[in-house]
Amino acid sequence: MGKLSSLPKIYLTLVFVILYAPIFYLIYYSFNSGGGMSHFESFTLEHYQAVFQDTRLLIIVMNTVIIALLSALLSTTIGVIGALAIYFMKNKSARQTILSLNNILIVSPDVIIGASFLILFTLIGVKLGFASVLISHIAFSIPIVVIMVLPKLQEMSTSLIDAALDLGATRKDVMTRVILPYIKPGIFAGFFLALTYSLDDFAVTFFVTGNGFSTLSVEIYSMARTGITLTINALSGLIFLITIVLVLGYYIIGNKAKSPQGVRK
Amino acid sequence: MKNKKPLRFVYAAPYAAWLLLFVLAPIAVIVYYSFFDLSGHLTLANYRNFFSSVYFKLTMSSFWYAFLITFFSLLISYPTAYFLTKTRHKQLWLLLIIIPSWINLLLKTYAFIGLMGQYGPINALLETIGIGGQQILFTDFSFVFVSVYIFIPFMILPIFNSLDKINPALLDASKDLGANAWVTFKRVVWPMTIDGVKSGVQVVFIPALSLFMITRLIAGNKVITLGTAIEQQFLVTQNWGMGSTIAVFLIIFMFLIMVLTSGKERGHR
């Protein structure tokens, strides 16, 4: 264990190279003073400047982030409640039915979610734009949160709750001091996954966004269809940097929190 | 115990409302709209149309591409996940596999337009090797390649999780009992990870049936999937009825695949 022979190493390296190639390719050309992505002329930061001067683009980035954070927050709340409801359900077949219903939106193709939500919003009279996009993102993130939280609940020993009740805890205490702390990792995982799904979503947003509102994915789609601008490259460079910092920070904090107990290694 | 029930109903309300409004209602409206034509008349014409040769061919090719994409994703992901579980800082490496999936899907697709383009680095490489420049973009190959690229992290994750759960003692036991590496894999590792593979297949196959922006940007409208057709009907032709009909079939296929890929789950619950 712990050591890899050379063949797996080469294989893994290859996978990593391919996974990162497009990202680094974009970033590399973001410093290109030439207009395109075919040959590199000279180093420049003008495209990065352009990103910060393009207020329209910045607003779109803000929209994307706000939608992601709000939808992750709200879907996590509703999803945790849903997971608790499923967990406390006594009737087994009803629970199975709810779970299957829950999974429908996870496996549904984005186009179907988008198209059906478009019909739905038009019928109910929700104006297409910020509200419709936010609602859609919440809707497709909820089942993911449920899926992340439910296993945590199921692996929690019921005697933990019984013990708390025996010791005189109220139902509220049980919830806030026993159950929620126990399932916290699941809640965080659900939140981050919801965030990721929202940031990455294109198809659903494409259907339910009106004319005045746009997220990054939709914007890049229309930009990519009309032609190449290196502003997109600069933007992707910035996004990549932020992602890396966040992820590594998250990893380091996570590791630091764990290492004192000496469980790892 | 008795007074638990009403309370439970109250706090489950938002979740229940969500189930009704965003899971059941959307399916209902899709089915409902599939029976209407462009001018709002009740009709079965959409269904007749769907079984015409054009849409049948479309469905078949959509399935074929989805199969190819799933197959290659699995082929690449399984060894990757397996080797990852053997690395020392496996959680960190897994994280590094996941990071590209955090970068916006459209950005990566956009990058491939440059990478695979006439003057892109791949063609430049082919020139120097001596194969000569090729038309890579706007072909079936580019479509499958980029799709596989997009789906790999989603395939690796469930497989990694199921591999990671395997108790190493089982592998030692298998070795002690005289099984070679292949037999151990076939009889111990694979059966224990089949659920991970199934959920991986699930998260790849169904979306692959319905890709539409990759078909537009990378395949140059040469590949038409069910997803492309639905998008076309809804947003370009504005024929919601026909779009809904195609969607109804996509939903049916989705349920079939769900049933197929979750058959065993009841066993160990």
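These exercises work through a predicted model, each with a stepwise solution.

Residues are numbered from 1 along each chain as its sequence is written, with chains lettered from A in the order in which they are written. In this predicted model, local features need pLDDT of at least 70, side-chain atom pairs count only at pLDDT 80 or more, totals for chains, interfaces and linings use all residues, and side-chain values use heavy atoms, with hydrogens and water left out.

**Exercise 1. Describe the build of chain B.**

Task: State how many helices and strands chain B has, then give its box and its burial.

Step 1. Take the secondary structure. Helices (H or I, at least four residues) and strands (E, at least two) are DSSP runs, numbered from the N terminus. Chain B has 13 helices and zero strands.

Step 2. Take the extent. Along the principal axes, the C-alpha atoms of chain B fill a box of roughly 75 × 70 × 30 Å.

Step 3. Take the burial. Buried means under 20% relative accessible area, exposed over 50%, and partly exposed in between (1.4 Å probe, protein chains only). Chain B has 269 residues, and 51% of them count as buried.

Step 4. Take the contacts. A contact means heavy atoms within 4.5 Å. Consider contacts in chain B between residues at least 6 apart in sequence: 69% of these join residues at least 24 apart.

Step 5. Take the surface. Accessible areas come from the Shrake-Rupley method with a 1.4 Å probe; for residues, only the protein chains shown count as cover. Chain B exposes about 13200 Å², and carbon and sulfur atoms supply 69% of that area.

**Exercise 2. Characterise the interface of chain B and chain A.**

Task: Find how many residues are in contact, how much area is buried, and which residues of chain B lose the most area.

Step 1. Count the residues. On chain B, 77 residues are in contact with 83 residues of chain A.

Step 2. Get the area. Buried area is the accessible area (1.4 Å probe) that two parts lose on being put together, summed over both. Between chain B and chain A it is about 7500 Å², with 80% from carbon and sulfur atoms.

Step 3. Name the residues. B:Tyr15, B:Trp102 and B:Tyr110 lose the most area to chain A, together 12% of what the chain B side buries.

Step 4. Find the main element. Helix α2 (residues 13–33) of chain B gives the largest share of the side that touches chain A, 14 residues.

Step 5. Check the polar links. A salt bridge is a side-chain nitrogen of Lys or Arg within 4 Å of a carboxyl oxygen of Asp or Glu. Across this interface the rule finds zero salt bridges. A polar contact is a pair of N or O atoms within 3.5 Å; within protein, one must be able to donate a hydrogen and the other to accept it, and residues adjacent in sequence count only if both atoms are side-chain atoms. The interface has 10 residue pairs in polar contact (both at pLDDT 80 or more).

**Exercise 3. Place the salt bridges.**

Task: The structure holds four salt bridges over all chains. Locate three of them and judge burial.

Step 1. Start in chain A. A:Lys152 and A:Glu155 meet at 3.1 Å, N to O. They sit three residues apart in helix α6 (residues 130–155), so about one helical turn separates them. A:Lys152 is partly exposed at 23%, and A:Glu155 is partly exposed at 48%.

Step 2. Move to chain B. B:Asp164 and B:Lys90 meet at 2.9 Å, N to O. B:Asp164 lies in helix α8 (residues 140–165) and B:Lys90 in helix α5 (residues 90–102), so the pair ties together parts that are 74 residues apart in sequence. B:Asp164 is partly exposed at 28%; B:Lys90 is partly exposed at 27%.

Step 3. Look beside that pair. B:Thr85, in helix α4 (residues 53–86), is buried at 10%. Not counting residues up to four places away in sequence, B:Thr85 touches B:Lys90, B:Phe160, B:Leu163 and B:Asp164.

Step 4. Finish with B:Arg216 and B:Glu231, whose closest N and O atoms are 2.6 Å apart. B:Arg216 lies in helix α11 (residues 213–217) and B:Glu231 in helix α12 (residues 226–236), so the pair ties together parts that are 15 residues apart in sequence. B:Arg216 is buried at 11%, and B:Glu231 is buried at 3%.
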